[in-house]
Amino acid sequence: MNEEGLIFSRQVPDGGCLPLPGDEDTDAQAQALLGDAKLREEPTGLPDVPEWEVVRHFTRLSQRNWGVDMGFYPLGSCTMKHNPRLNEAVARLPGFARIHPEQHPAQVQGILRLMKTLEQALIEISGMDAVSLQPPAGAQGELTALLCFRAYHHSRGDTHRTRIIVPDSSHGTNPASAARCGMTVHTIDSNAEGLTDLAALDAALDENVAGFMLTNPNTLGLFEPQVEEICARVHRAGGQVYCDGANMNALLGVSRPGDMGFDALHFNVHKTFSTPHGGGGPGAGPVAVQAHLQPFLPVPRIVEDADGTLTLDDDHPETIGKVHSFMGNVGPLVKAYAYILSHGADGLREVTERAVLNANYLLSRVREAYELPYRGQPMHEFVLSAEKQKAAGCKAVDVAKRLLDYGFHAPTVYFPLIVSEALMIEPTETETKGALDCFAEAMLAIARECEDSPDVVTGAPHRAYAGRLDEVQAARKLDLRHDPEGEG
Ligand SMILES: *Cc1c(COP(=O)(O)O)cnc(C)c1O
């Protein structure tokens, strides 16, 4: 056994791995294909392990990580809700999982019908006029919509409109998408309540503005009560208004961005409508737009003939083109469809009502011990500050690491940027009161520890498999190669 506790022993009696089907012939086949010159003379040094050791190795690794199926996961903005297994089962049905994207539309009417119906559901939920399911993530939905804004302005001869305004509370993907789209980014300060400052917005609006990007409820979890006025002002200046729809879990069946005056929005299907995420995908970020932006959406569009046959239509001369191969990531779309249908309209509204109730209940339980810098009533998530704890020597990151010892995933920390020592907590609707109470008790206990024994908090986690990692080095110098000479 090496340091990692991994076993690389040969346990197959004849001293090799379990054979793959047809293995006996592979040498001869390879030789025939490649010729002698390309054959290795030395073995590659790949690990030689039996199947069960591989299974045990990866199962052990999976248990060292935290997942939404292990426990409470209040990672703000990410909506780490339970993903019903029903949706997984539906997405794995062979009729969905095994079709090929090059198949003729006549052979795949089922999935086209599913996608068309999902488009219609998202149109209804958002209050918009048209949807493209093609973008594979929220951030790419942003890029897609901004490209539509640009194409719209160009179609009117407004080629000078190249500035995008974002609030200082915006998610980092908003300015990044704008920059990627060739726009310049103008950041405006939020007001003392953490909402859009109308005077700052007015000052930023001019004839070069392409649009304003707003998250609603915003990243502090606060609904923007002036949203209609904000949209009207941007429109008067000739700009378009984008809704970052990552927080749709706070709006389902209650209010619709299309009715508030937004011109476009993205959904994070993998947040709001189930699909496990957190490991980097795959997800889906459908874009919904008002009628005037419809000509610019990605192609192909799914269209229905008079006889009910669905076809793929590329004939849209003003389209921005494609943002993903074929129709995007179809698996998450199937799950979203199953999620929406299994909840129904009433069920979706209940998702939102419970998400908001859970967040407000949890806030009421932890509020005495942590600062709430922006005091408005939050929707589905709230942002605390660990400034009080910092005075005792423990920062937000310490509180987050200590939560691991109590058996919880950490909240989002240090975002949004306008809250110092931010702890952004989103419980989601799928948690019970019991789970919320346990988490609240842990938060209160940690607040007491910060006063009484700060070293316990700053040294956390004490019970996790790995302590504090150098996350910067881990990201910049990632090395996952197997080293046959090393420790495995
Ligand atoms: C998650 C998120 C995004 C980006 O979505 P991805 O699907 O991760 O690309 C954008 N804005 C907000 C507010 C988010 O929470």
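Where is Tyr414 found? Tyr414 is found in the loop between β11 and β12, and it appears in the last of the views below. The model is predicted, so local features are reported only at pLDDT of at least 70 and side-chain atom pairs only at pLDDT 80 or more, while totals for chains, interfaces and linings use all residues. Residues are numbered from 1 along each chain as its sequence is written, and side-chain values rest on heavy atoms, with hydrogens and water left out.

**View 1. The surroundings of the ligand.** The residues around the ligand, each with a heavy atom within 4 Å of it, include Ser77, His171, Asp244 and Asn268. Three nonpolar, six polar and three charged residues make up this shell; here Ala, Val, Leu, Ile, Met, Phe, Trp, Tyr, Cys and Pro count as nonpolar, Asp, Glu, Lys and Arg as charged, and the others, Gly among them, as polar. Helix α6 gives the most to the shell, with three residues. Helices (H or I, at least four residues) and strands (E, at least two) are DSSP runs numbered from the N terminus.

**View 2. Polar contacts of the ligand.** A polar contact is a pair of N or O atoms within 3.5 Å; within protein, one atom must be able to donate a hydrogen and the other to accept it, and residues adjacent in sequence count only if both atoms are side-chain atoms. A ligand oxygen lies 2.8 Å from a polar backbone atom of Gly138, and a ligand oxygen is likewise 2.8 Å from a polar backbone atom of Ala139. On the side-chain part, an N or O atom of Lys271 is 2.8 Å from an oxygen atom of the ligand. Taken alone the ligand exposes 380 Å², of which the protein buries 86%; accessible areas come from the Shrake-Rupley method with a 1.4 Å probe, and for residues only the protein chains shown count as cover.

**View 3. An aromatic pair between distant parts of the chain.** The structure holds seven aromatic pairs, defined by ring centres of Phe, Tyr and Trp (its six-membered ring) within 6.5 Å, with planes under 30 degrees apart counted as stacked, over 60 as edge-to-face and the rest as tilted. Tyr152 and Phe296 form an edge-to-face pair, because their ring centres are 6.4 Å apart and their planes stand at 75 degrees. Tyr152 belongs to helix α6 (residues 138-155), whereas Phe296 lies in the loop between β7 (287-289) and β8 (301-304), 144 residues apart. Tyr152 is buried at 13% relative accessible area, and Phe296 is buried at 3%; buried means under 20%, exposed over 50%, and partly exposed in between (1.4 Å probe, protein chains only).

**View 4. Asn247 and its polar contact.** Asn247 lies in the loop between β5 (240-245) and α10 (257-260). This residue is buried, with a relative accessible area of 1%. A polar atom of the Asn247 side chain is 3.4 Å from the backbone oxygen of Asn218.

**View 5. Cis peptide bonds and positive phi angles.** Asn216 and Pro217 are joined by a cis peptide bond with omega of about -5 degrees, and Pro217 lies in the loop between β4 and α9 (227-236). The bond from Phe415 to Pro416 is also cis, with omega near -5 degrees. Tyr414, although not a glycine, has a positive phi of about 60 degrees, and Tyr414 is partly exposed at 33% relative accessible area.
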